[in-house]
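Open the model in your viewer and follow the stops below. Each one says what to select and what is there.

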There are 2 protein chains.
Amino acid sequence: MKNLIISKQVKSTERMSLQHLIRPKTIAVIGASREETKIGHMVLKNIIDGGFPKENVFPVNPNVDNILGLKCYPSVKDIPVDVDLAVIVVPARIVPKVMKECAEKKVKAVAVISSGFKEVGNVEGEREIVRIAKEAGIKLLGPNIVGIADTPMKINASFMPYLPERGKIAFISQSGALAIGLVTWTKLKEIGLSDVVSIGNKADVNEIDLIEFFSKDPHTKAITLYMEGIEDGRKFMEVAKRVTKVKPIVMLKAGKAERTAAAIKSHTGSLAGSDIAYDIAFKQCGVIRAESFPTLFDYGLALASLPDPKGENVVILTNGGGAGVMATDACEQYGLKLMDIPSDLAGKLKKWMPEFGSTLNPVDLTGMAADRDYYGSLQTLLADERVHAIIILYCHTAITDPLRIAEALVKCKREGKYVDKPMVAAFIGGRECDTAIKHLTRYGIPAFENPERAVAALAAKYRYWRYKKRPSGAFVKVDGNKEKAKVIIERALREGRALTPSEAAEVAHLYDIPVVKKRIARSKEDALKIAEEIGYPVVLEVESPDIVHKVDVGAIRLNIQSREELEKAYDEVLSNVKKNAPKARIEGVVVRSFVKQGVEVAVGMHRDELFGPMIMFGSGGTLIELYKDVAFRIAPLTDIDIDEMMKETKVIKVLEGFRDKPKDIEAVKKVLASVNQLSLDFDEIKDIDINPLFVYEKGCIAFDVKILLRS
Amino acid sequence: MKNLIISKQVKSTERMSLQHLIRPKTIAVIGASREETKIGHMVLKNIIDGGFPKENVFPVNPNVDNILGLKCYPSVKDIPVDVDLAVIVVPARIVPKVMKECAEKKVKAVAVISSGFKEVGNVEGEREIVRIAKEAGIKLLGPNIVGIADTPMKINASFMPYLPERGKIAFISQSGALAIGLVTWTKLKEIGLSDVVSIGNKADVNEIDLIEFFSKDPHTKAITLYMEGIEDGRKFMEVAKRVTKVKPIVMLKAGKAERTAAAIKSHTGSLAGSDIAYDIAFKQCGVIRAESFPTLFDYGLALASLPDPKGENVVILTNGGGAGVMATDACEQYGLKLMDIPSDLAGKLKKWMPEFGSTLNPVDLTGMAADRDYYGSLQTLLADERVHAIIILYCHTAITDPLRIAEALVKCKREGKYVDKPMVAAFIGGRECDTAIKHLTRYGIPAFENPERAVAALAAKYRYWRYKKRPSGAFVKVDGNKEKAKVIIERALREGRALTPSEAAEVAHLYDIPVVKKRIARSKEDALKIAEEIGYPVVLEVESPDIVHKVDVGAIRLNIQSREELEKAYDEVLSNVKKNAPKARIEGVVVRSFVKQGVEVAVGMHRDELFGPMIMFGSGGTLIELYKDVAFRIAPLTDIDIDEMMKETKVIKVLEGFRDKPKDIEAVKKVLASVNQLSLDFDEIKDIDINPLFVYEKGCIAFDVKILLRS
């Protein structure tokens, strides 16, 4: 449970509020400059140009009297009022000195724009400024950042050329360069943001603190992030799980291809790549993952603007068949369910279209549809409780004006006659459509240039909504014999090795996992003794690294019922091998209980360095790595997690009785719960592989258990 | 071979040239109108506004003297010069009449914009105008279209509001509504087109004719299509295969979700959905498939502009880590190979970046990079023969001007000092970047707002290039005993049934497919006779629809070596069933040759209604429909097709010796060739399922063969 405990500790009160950093009332710019090409000039100018009250901005520079019409102070200490935020733009070597002055001045927060720290190897310098900040109780953002843009307070404390449009999306960026690119891009697209925070080296304040802050910020309705890596996976999950209950998080996690998976020895490990871990973690804590930066903001927009749907019934409203077909394809791709339009609703919709229109879904108003037809049909759809979300499409025609149609749609929405429903739009066409798209988006109907983006954005809203309403389930607990297991594990740890097959089987057994009993015999007497212990019927199998197909050379005998049969069989298998594979090295004869073959599944665990134990379920057998029919969840698991992860695989269909009788799924769930418990009880266990686990109509049994320990 | 013969016939000379339709010198507008809201007015006005010489435009309307300053003729027959193209905008019921006048006038081509034909059930009217056109040798486009836009001739014979920008992409649209939306969208994005052709009901001229035309058109470098369905799949493939040798085709095929797969009885059939057939067909004839309309034009742009690469080495040049990471992820996703930068090249690149830049790939010039750094590093990359394609990224900064950088890049490209290489770009930022993107695109460096789109566009070019340079291979031919097989098949057809298992096995055998011999015995004597015929060792198996697990009830006996053993076993299996499954209905006892279990693969064929025989290879066994590890190709197959389709599956790894000795892949290829031949020799065969096909280190054998016939 060590991981869990750690993450609880970090959730301390110490980092509670970032109010002075993000919503400061007074700002000092340390390193402000008169030279227009210097960042110290740009930042000061941007703060003033952004609209923040000039009287609350204090340039600091010992060499000049005033900059841009503001009185300049030799040191932050000379500023006559309390300073909420000091923006630091002096060279790296001077940062510690001005930080100390900030400490003396009791500045609440600093944003260190200056670079030249950890990113260029200056680890010591970075450590020093963090130490100064911690001692003085100063929040430190950066170093090596572009700065902060805060639209509610009109603060552009950054070298981004201008403030983004005012909006409800907070954007946290690990990359400073991208922050500028993306903010100017959102301006072009007229996508509004509440804040932009560049976190740079995140020496102190990191993405997790900011997520916490924005979760409580009234100006922010959705939190978006561009990240290349997360520092503390388990804490991230814990915070994200809590935050997504009240506010959506959308993440563009780049660097999928970056990591070349280290040589990992277990099956489960080789299947659980780093990026998969991110995927699973995001899924489990309701974080919506974006595939590119346009989708990051598409999803952010949808999640910040759209009300929750009341159900899964989506209707497409279009003026053209082609656009409708594209949206239909996208709905299938993104998992949205198109409603079958009931005949009474169809009758009402018929009013708004010519004879050759269609009241099937997509509802096709045809190219004749003018603003009043869109208005009327949208009103009809909003009035009908069976309709839960609407995708509005417009394809530009020679006779209609997209802006008038957009205005009609917005009017219909804003009249508020009916319950608000999530609506997205795609307007296909030129400049007129671009204008209409911006109008719709501004008034809460996120609109896009192609149907696929509209559908994907609505689907992001649906994913989040489904996550929120999904029951979180009860944590599964297994009372394993922890003490006994500990003895076995610690012995192996002392000897610096993995568990032997029989130790692994024993540990599994101690956690209620049914295991095929087996031991290796060095002599006939040995074999007889083992067979007595594990009980007849047994199987004898010559152990040799040189024999792949044991049946072919007679190295295996099944279903041995008695002592007499075993004595005979022991001699036989050895003589068979001598005859048929004379060069094979023989390491002994394995005696194991005789079990029927069942459906082969695999259960496993791989401890991810970032997120901790990843529990696996999937198809078993020797081809598991080839077919990759597996699903993962990060421990601790709830019963719902187990249920959902099993349903993600194809082999669940086999267990449910594909072309055969149903198998004992409950028994498999128990094994998953045991593996979950083992992973939580023993931090020392790095990997567990149970493959195959034979599943029968009643019960299941682990045929082979491997347990690797942390080295 | 019937399908093949048909498609050869259609490739007739009759449809050779559409020159008069697409590049007319004189145009009549029949149904021209003075009323501004009428299409008959818009079309005439659009033709004049587009820039086509007025003196070659002839309005036809019996009720007025002139329209828009042009003399108006009562009938097309009254026009004093030859008419290449008549655009018809009169009501549907009058179209036949004016078509007859066009025939008398010897008009070369007509574009029937008028709707009211097949799309509203007026099949007869449509048939009539086609008949008139065919008899008079007139090319007929439409009816029910938006019209034609032709930028080289400056003809906007449509109700699209304006001509698209001049460019090298031809766009063929099945949807008229979308044509307007997309053309205005391309105008906004400054994407140039050579032509836009709306094909509507395609009563005569269809997408295949137009592909043929544009393949020879000097103004067109890439052909793009929006289609919801193709009429003649095999002809499409034949033409597309030929055309893609010289000119790229990009297709947005909508309607994936549309079709609910009809109840299909065979395994292969259920795996080969309609949309998969399109995917396979496109792949086999080198057609690049687009996923949305922006990608349609992204790919069109890349394919129309980029030179062929000389190899697979791609280099990313960026000014920011974040953009580089996103592009790297996308390269992995889209199958582009990032080059390892050799140290000598790294040394040369170092000149263009500060100390903290990176000469790894992505090459990171850092946010300091100005136009001369981009210019210098691009020149270095162009000069190096080991670099084959370049992805240029710019993320907007506070200190650089994207347009100057774009101009530097274009200058470098246009100087032509070095071999031209495919280059794409992504400029992330606001309005300045948008301007830069348009500049780059205009000068042959397709540029986009996000890295993923740039990478996808370059990847489309690579896909096409790889297709073109791939050897087409030799058609595989198997000399089956067609005469004997025909007797068996025709008998079953007469009796209106599928082939029996033994008939299917016999047909397979006649085409050199090794098959487990088996027959059903109704008595012990029968069984003995059959065993003599197929040869010992044999297997006995009670045939019953009520017994799933034959081993469990003792209904099966393996490895019967002799007459004596068989006599005993026959009684045993029947008495076992009587004892263990007393209620089971017994249909006989199957006698089959005893074969070892091998790797289970499946080979099959499903005859798609549109594209003909789809040959399948994949993992075999009872779970084939669950795991869907299958690949398809449309017959006739070449040896390369067979090779490639096998490599698309996961089971190929098992055959290649995953954790075991390699299996006889050549033997499987022969079975695929045989199934290919059967599908070509017998149009009557609808489906073939060979599952499992056991594959051994030497040879393979079909354990079960099913053949369904067309009903």
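Select Tyr627(B): of the residues of chain B, its C-alpha comes closest to the rotation axis, at 4.1 Å. The model is predicted, so local features need pLDDT of at least 70 and side-chain atom pairs count only at pLDDT 80 or more, while totals for chains, interfaces and linings use all residues. Residues are numbered from 1 along each chain as its sequence is written, with chains lettered from A and ligands numbered from 1 in the order in which they are written.

Now superpose the chains. A turn of 180° and a shift of 0.1 Å along the axis lay chain B on chain A with an RMSD of 0.1 Å (least squares on C-alpha atoms of residues with pLDDT of at least 70 in both). The two copies are thus related as by a two-fold rotation axis. Both use the same surface: 100% of the contact residues of chain B recur in chain A.

Next, the interface. Here 59 residues of chain B are in contact with 59 residues of chain A (contact: C-beta atoms, placed from the backbone, within 7 Å). On the chain B side, α6(B) gives the largest share, nine residues (helices: DSSP runs of H or I, at least four residues, numbered from the N terminus).

Move to α14 (residues 371-383) and α15 (residues 402-415) of chain B. Their axes come within 8 Å and cross at roughly 25° (lines fitted to C-alpha atoms over the stretch in contact; angles run from 0 to 180 degrees between N-to-C directions). That makes α14(B) roughly parallel to α15(B) (angles under 35 degrees). Show side chains: among those meeting are Tyr374(B) and Leu378(B) from α14(B), and Ile405(B) and Leu409(B) from α15(B).

Key: Contact = placed C-beta atoms within 7 Å. Helix = DSSP H or I, 4+ residues; strand = E, 2+ residues; numbered from the N terminus. Parallel < 35°, antiparallel > 145°, perpendicular 65-115°, else oblique.
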